[in-house]
Amino acid sequence: MKKKINVAVVGTGAVGQALLQVLAERDFPVAGLKVLATKRSAGKKVEFKGEEYTIEETAPDSFSGVHLALFAGGEASRLFAPAAVKEGAVVIDNSSSFRLDPQVPLVVPEVNPEDVKWHKGIIANPNCSTIQLVVALKPLYDAAGIERVIISTYQAVSGAGQEAVEELKLQSREVLEGRPVTAAVFPWPIAFNCLPHIDVFQPNGYTREEMKMVHETRKIMKDENLKISATAVRVPVFVGHCEAVHVETREELSVEEVREIFRRAPGVVLMDDPEKKLYPLPIQVAGKDEVYIGRLRKDLAVDRGLSMWVVADNLRKGAATNAVQIAELLLKESLL
Ligand code: 12T
């Protein structure tokens, strides 16, 4: 009989809800399920596969008997992931707390599945923008090497949580009705605007979100010398992060060769027929699990340069789906 796993999902916000949905859709072999969150959500109900579960407040002893704990971001990871490991659970963590810890594998199953094998209790799920980026970069890296990468992101508000989604809805109404706009989650109004500011600024002039892409990409690709720089921008989109990616490869690749590489790449959907107005859009990619690539062309500004447009559902491949894929990999490798 297939092994059945006792699962805890920690967090019931945008990513926590996506985790429950993805676990159900992919028919992950859940034996028991605990849904944990802060006091604020404790007592509320959530549904999983037609059954109701009552949300419990997370405590250090919540993880007794739990085989797999999926943490959906926030403070809970730092507070409770070590306790979950002590109880014998394997933790897959969506927060940024452990991603750069040398003792913690940082995994995207299409890119570095081998890294799950050396986990010591915690496996980190990368930042949403990093995940879709490395799924697109890895096949090019393997085929031709990569000298340098420049990224501009167009990130959906759901990356900042459910309150951010509500803020975009409210502000949109306020603008259209000519009322004053209230900004609470984001530093400036996001409705009908773009904010070149995600997470906090660092002394080097970049935001933490931008530097996460730099450091996490290097760790996942195992190339600490990779030249990579990013500008991360929040746009008034509910779900789906877009990235304009400029890659300078070591060896020359024709656009036709790259097309063929992406057609065969795991987790990638090539959607590239500009004549037919075919290119990935967040409103189409929302709800999907793959990374969509289009607008493939030569970068005119550099030798051996390629430009492309990379879109993924930030709550699914950018968070929940990637975490569940890691869990599936653990199961396949008998590491759960
Ligand atoms: N600040 O996982 O605001 O490190 O969209 C993800 C998303 C951090 C993270 C966001 C963020 C992360 C956001």
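User: Happy to dig in! Which domains does the shell around the ligand draw at least three residues from?
Analyst: This is a predicted model, where local features need pLDDT of at least 70, side-chain atom pairs count only at pLDDT 80 or more, and totals for chains, interfaces and linings use all residues. Residues are numbered from 1 along each chain as its sequence is written, and side-chain values use heavy atoms, with hydrogens and water left out. With domain bounds taken from an automatic or database domain assignment, the shell draws at least three residues from each of domain 1 (5-125 + 319-332) and domain 2 (130-314).

User: How do the residues of that shell divide into nonpolar, polar and charged?
Analyst: Among the residues surrounding the ligand (a heavy atom within 4 Å of it) are N94, S96, D199, E209 and K212. Here Ala, Val, Leu, Ile, Met, Phe, Trp, Tyr, Cys and Pro count as nonpolar, Asp, Glu, Lys and Arg as charged, and the others, Gly among them, as polar. The shell divides into 3 nonpolar, 4 polar and 5 charged.

User: Good to know! How far is an oxygen atom of the ligand from an N or O atom in the side chain of R99?
Analyst: A polar contact with the ligand is a pair of N or O atoms within 3.5 Å. R234 offers a polar side-chain atom 2.7 Å from a ligand oxygen, and G159 a backbone N or O atom at 3.2 Å. For the side chain of R99, the distance is 2.6 Å.

User: What share of the ligand's exposed area does the protein bury?
Analyst: Areas come from the Shrake-Rupley method with a 1.4 Å probe. Taken alone, the ligand exposes 320 Å². The protein buries 80% of that.

User: Why does the largest nonpolar core lie between the domains, and which helix gives the most to this core?
Analyst: A nonpolar core is a set of buried Ala, Val, Leu, Ile, Met, Phe, Trp, Tyr and Cys residues joined through side-chain atoms within 4.5 Å, where buried means under 20% relative accessible area (1.4 Å probe, protein chains only). Of its 57 residues, F63, F71, L140 and M308 touch the most other members. Domain 1 and domain 2 both give residues to this core, so it lies between them. With 8 residues, the most is given by helix α3 (residues 128-144; a DSSP run of H or I, at least four residues, numbered from the N terminus).

User: Lovely! Which side chain does T321 join in a polar contact of 2.5 Å?
Analyst: T321 is found in helix α8 (residues 316-332) and is buried, at a relative accessible area of 0%. Within protein, a polar contact also needs one atom able to donate a hydrogen and the other to accept it, and residues adjacent in sequence count only if both atoms are side-chain atoms. At 2.5 Å, the partner side chain is that of D289.

Methods:
Buried means under 20% relative accessible area, exposed over 50%, partly exposed in between (1.4 Å probe, protein chains only). Helices (H or I, at least four residues) and strands (E, at least two) are DSSP runs, numbered from the N terminus.
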